[in-house]
Amino acid sequence: MTMSILLVGSFLWSAGSLYSRTAKHAASPLLAAAQQMFCGGLLLAIVGLFVGEPKNFHPDNITPLSLGAFAYLVLIGAVVGYTAYFWLLRHCDPAKVATYAYVNPIVAVLLGALFAHETVTLRTLVAAILIIGSVALIITVQQLFKPMPPITAAIETECAR
């Protein structure tokens with residue numbers, strides 16, 4: 001069941017990312033991110049209520065550390081991250097933009113090691129190197145097989161700079 005959810009979720013994320021390049025949308029990437037986060041949050045709240053999550057919530061368990069983590073996730077992880085993602089989708093090739101999904105976990109591991117003193121094992125380092133190498137390979141191969149513009153267009157572009 002979990003694998004099906006992951007596969008369907010990944011497919012829908014990819015389909016939505018490709019659709020967003022041609023769909024009519026808000027002029028502001030910040031507004032687009034806010035709309036999607038609001039809808040996603042509302043859906044998660046409804047599902048949470050449906051499966052009985054409120055009975056597991058205890059206000060006594062809220063700590064300054066958990067509030068700080070929540071604020072970081074909202075401000076940096078969501079607002080900054082999604083706004084940048086939507087801007088990139090409008091201005092860059094979707095295949096390049098999708099590589100963020102591979103790099104984000106590496107950033108999370110590094111932040112965990114720096115701020116939470118989490119252990120980074122050799123296995124984690126090897127995985128990070130493989131991921132970064134794969135992303136670099138994807139971008140490099142795309143550049144190699146990218147059609148070259150006509151020579152006059154390239155000269156005009158260079159002269160305009």
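The following exchange examines the fold, core, surface and selected residues of a predicted model.

User: What conventions apply to the model, and how are residues numbered?
Analyst: This is a predicted model, in which local features need pLDDT of at least 70, side-chain atom pairs count only at pLDDT 80 or more, and totals for chains, interfaces and linings use all residues. Side-chain values use heavy atoms, with hydrogens and water left out, and residues are numbered from 1 along each chain as its sequence is written.

User: How many helices and strands does the protein have, and which pattern do they follow?
Analyst: Helices (H or I, at least four residues) and strands (E, at least two) are DSSP runs, numbered from the N terminus. The protein has 7 helices and 0 strands. Along the sequence, the pattern is α-α-α-α-α-α-α.

User: What percentage of the residues of the protein count as buried?
Analyst: Buried means under 20% relative accessible area, exposed over 50%, and partly exposed in between (1.4 Å probe, protein chains only). The protein has 161 residues, and the share that counts as buried is 13%.

User: What percentage of contacts between residues at least 6 apart in sequence join residues at least 24 apart?
Analyst: A contact means heavy atoms within 4.5 Å. Among contacts in the protein between residues at least 6 apart in sequence, the share joining residues at least 24 apart is 78%.

User: Which element gives the largest share of the largest nonpolar core?
Analyst: A nonpolar core is a set of buried Ala, Val, Leu, Ile, Met, Phe, Trp, Tyr and Cys residues joined through side-chain atoms within 4.5 Å. The largest one has 6 residues: Ala32, Ala33, Tyr85, Phe86, Leu89 and Val97. Two or more residues come from each of α2 (29–51) and α3 (64–91). The largest share, 3 residues, is given by α3.

User: Which residues does the core member Tyr85 touch, not counting residues up to four places away in sequence?
Analyst: Tyr85 belongs to the largest nonpolar core, as does Val97. With residues up to four places away in sequence left out, Tyr85 touches Trp13, Ser17, Val97 and Tyr100.

User: Which residues make the nonpolar surface patch of about 670 Å²?
Analyst: Patches are made of residues with over 30% relative accessible area and no salt bridge (a side-chain nitrogen of Lys or Arg within 4 Å of a carboxyl oxygen of Asp or Glu); like charges are joined within 9 Å and nonpolar side chains (Val, Leu, Ile, Met, Phe, Trp, Tyr) within 5 Å. One of the members, Tyr72, is found in helix α3 and is partly exposed at 40% relative accessible area. The patch is made by Phe70, Tyr72, Leu73, Val74, Leu75, Ile76 and Val80.

User: Is Gly48 buried or exposed?
Analyst: Gly48 has its place in helix α2. Not counting residues up to four places away in sequence, Gly48 touches Glu53 and Pro54. Its relative accessibility is 12%, so Gly48 counts as buried.

User: What distance does helix α5 reach from its first C-alpha to its last?
Analyst: Helix α5 (residues 100–115) has 16 residues. The expected span is 1.5 Å times one less than the number of residues, which here gives 22 Å. The helix comes close to this, reaching 22 Å.

User: What is the phi of His117, just after α5?
Analyst: Most residues other than glycine have a negative phi. His117 lies in the loop between α5 and α6 (122–144) and is exposed, with a relative accessible area of 67%. Although it is not a glycine, His117 has a positive phi of about 55°.

User: How far apart in space are Asn104 and Gly81, C-alpha to C-alpha?
Analyst: Asn104 has its place in helix α5 and is partly exposed, with a relative accessible area of 41%. Asn104 and Gly81 are 23 residues apart in sequence, and their C-alpha separation is 9.8 Å.

Definitions and conventions. Areas by Shrake-Rupley, 256 points an atom, 1.4 Å probe, with all protein chains shown as cover.
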